[in-house]
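User: Could you take me through one part of this model in some detail? I'd like to see how the local backbone, the side-chain contacts and the empty space fit together.

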Amino acid sequence: MNVNTLINLTPHTINLVSAANAWSFPPSGQIARCTVERVRVSNIWLGEPGDPTTQDIVPVNTVRYGDIEGLPAPRIGVAYIVSSLVASALHGSRPDVLVPDDTIRDDQGRIVGCQAFARI
């Protein structure tokens, strides 16, 4: 794939560390997302029995991801960085869609960069 431009369609800066350089791809301002449908199917009751000050009801939902929003049409020489969820929803139909891969983590386990991109 010959790419002149990488456009970051996530809300986070993507830091790529290659063998020769470090690259930073700030958010483009456009975010590719999947629509979400949630249906409440039950509840979890938390807290100490008999102590109303600690009791809480937490919903349990069934989640269905639908259409992709915010993903531009393919363009020659352009690739798009998206979330794994968006890439998975495409089922490999868009070779111009990439996700961060081979992540780099800091000493607290937070992702701070990647060493590659992947297609899903």
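Where in the structure is Asp102 placed? Please start there and then work through the surroundings.

Analyst: Happy to, with one reminder first: this is a predicted model. Asp102 sits in strand β7, and that strand covers residues 97-105. The backbone of Asp102 is worth a look, since its phi is positive, about 55°, although the residue is not a glycine. Most residues other than glycine have a negative phi. As for solvent, Asp102 counts as partly exposed because its relative accessibility is 43%, which falls between the 20% and 50% limits.

His91 also has a positive phi of about 55° without being a glycine. This residue belongs to the loop between α1 and β7. With a relative accessible area of 71%, over the 50% limit, His91 is classed as exposed.

That loop, between α1 (84-89) and β7 (97-105), also holds Arg94, and here the picture changes. Arg94 is buried, because its relative accessible area of 16% is under the 20% limit. What does the side chain of Arg94 reach at 2.9 Å? Its partner there is the backbone oxygen of Pro72. A second polar contact, of 2.7 Å, links the side chain of Arg94 to the side chain of Asp96. Leaving out residues up to four places away in sequence, Arg94 touches Leu71, Pro72, Ala73, Pro74 and Tyr80. Pro72 therefore appears twice, as a residue touched by Arg94 and as the owner of the backbone oxygen that the Arg94 side chain reaches, within the 3.5 Å allowed for a polar contact.

The pairing of Arg94 with Asp96 also qualifies as a salt bridge, at 2.7 Å from N to O. Asp96 is buried too, because its relative accessibility is 7%, under the 20% limit. How many salt bridges are there in total? The count comes to 2. The other one joins the side chains of Asp106 and Arg110, at 2.9 Å from N to O. In that pair Asp106 is partly exposed, because 21% relative accessibility lies above the 20% limit for buried residues. Arg110 is partly exposed as well, with 48% relative accessible area, because that figure does not exceed 50%.

Now for the empty space. Rolling a probe the size of a water molecule over the atoms shows where empty space is left. Searching the whole structure gives 1 cavity of 30 Å³ or more, and the space inside the largest cavity is about 50 Å³. Arg94 helps to line that cavity, together with Ala87, Leu90, Gly92, Ser93, Val97, Arg119 and Ile120. By residue type, this lining splits into 4 nonpolar, 2 polar and 2 charged.

Val97, one of these lining residues, can also be related to helix α1 through Val86, which is found in that helix. Val86 and Val97 are 11 residues apart in sequence, and their C-alpha atoms are 9.1 Å apart in space. Val86 is buried, because its relative accessibility is 1%, under the 20% limit. Beyond its neighbours up to four places away in sequence, Val86 touches Ala32, Arg33, Cys34 and Ile68.

Helix α1 and strand β7 meet again in the description of the largest pocket, where each supplies at least two lining residues, as do β2 (14-17), β4 (33-46) and β8 (111-118). This pocket has a volume of about 410 Å³. It is lined by 22 residues, and those closest to its centre are Thr10, His12, Ile14, Ser83 and Pro100. Which element gives the largest share of the lining? That is β8, with 4 residues. By type, the pocket lining divides into 13 nonpolar, 8 polar and 1 charged.

His12, one of the residues closest to the pocket centre, leads on to Asn8. A polar atom of the Asn8 side chain lies 2.7 Å from the backbone oxygen of His12, and the backbone oxygen of Phe25 lies 2.8 Å from a polar atom of that side chain. Asn8 is in strand β1 (residues 5-8), and it counts as buried because its relative accessibility is 1%, under the 20% limit. Setting aside neighbours within four places in sequence, its contacts include Ile14, Phe25 and Ile81.

Definitions and conventions. Residues are numbered from 1 along each chain as its sequence is written. This is a predicted model: local features need pLDDT of at least 70, side-chain atom pairs count only at pLDDT 80 or more; totals for chains, interfaces and linings use all residues. Side-chain values use heavy atoms; hydrogens and water are left out. Buried means under 20% relative accessible area, exposed over 50%, partly exposed in between (1.4 Å probe, protein chains only). A polar contact is a pair of N or O atoms within 3.5 Å; within protein, one must be able to donate a hydrogen and the other to accept it, and residues adjacent in sequence count only if both atoms are side-chain atoms. Contact means heavy atoms within 4.5 Å. On a 1 Å grid over the protein atoms alone, a cavity is a set of points where a 1.4 Å probe fits but cannot get out, and a pocket is an open set with protein on both sides within 12 Å along at least five of seven lines; lining residues have an atom within 4 Å of a point. Grid points are joined across faces, edges and corners, and a volume is the space filled by probe spheres set on the points. Ala, Val, Leu, Ile, Met, Phe, Trp, Tyr, Cys and Pro count as nonpolar, Asp, Glu, Lys and Arg as charged, and the others, Gly among them, as polar. A salt bridge is a side-chain nitrogen of Lys or Arg within 4 Å of a carboxyl oxygen of Asp or Glu.
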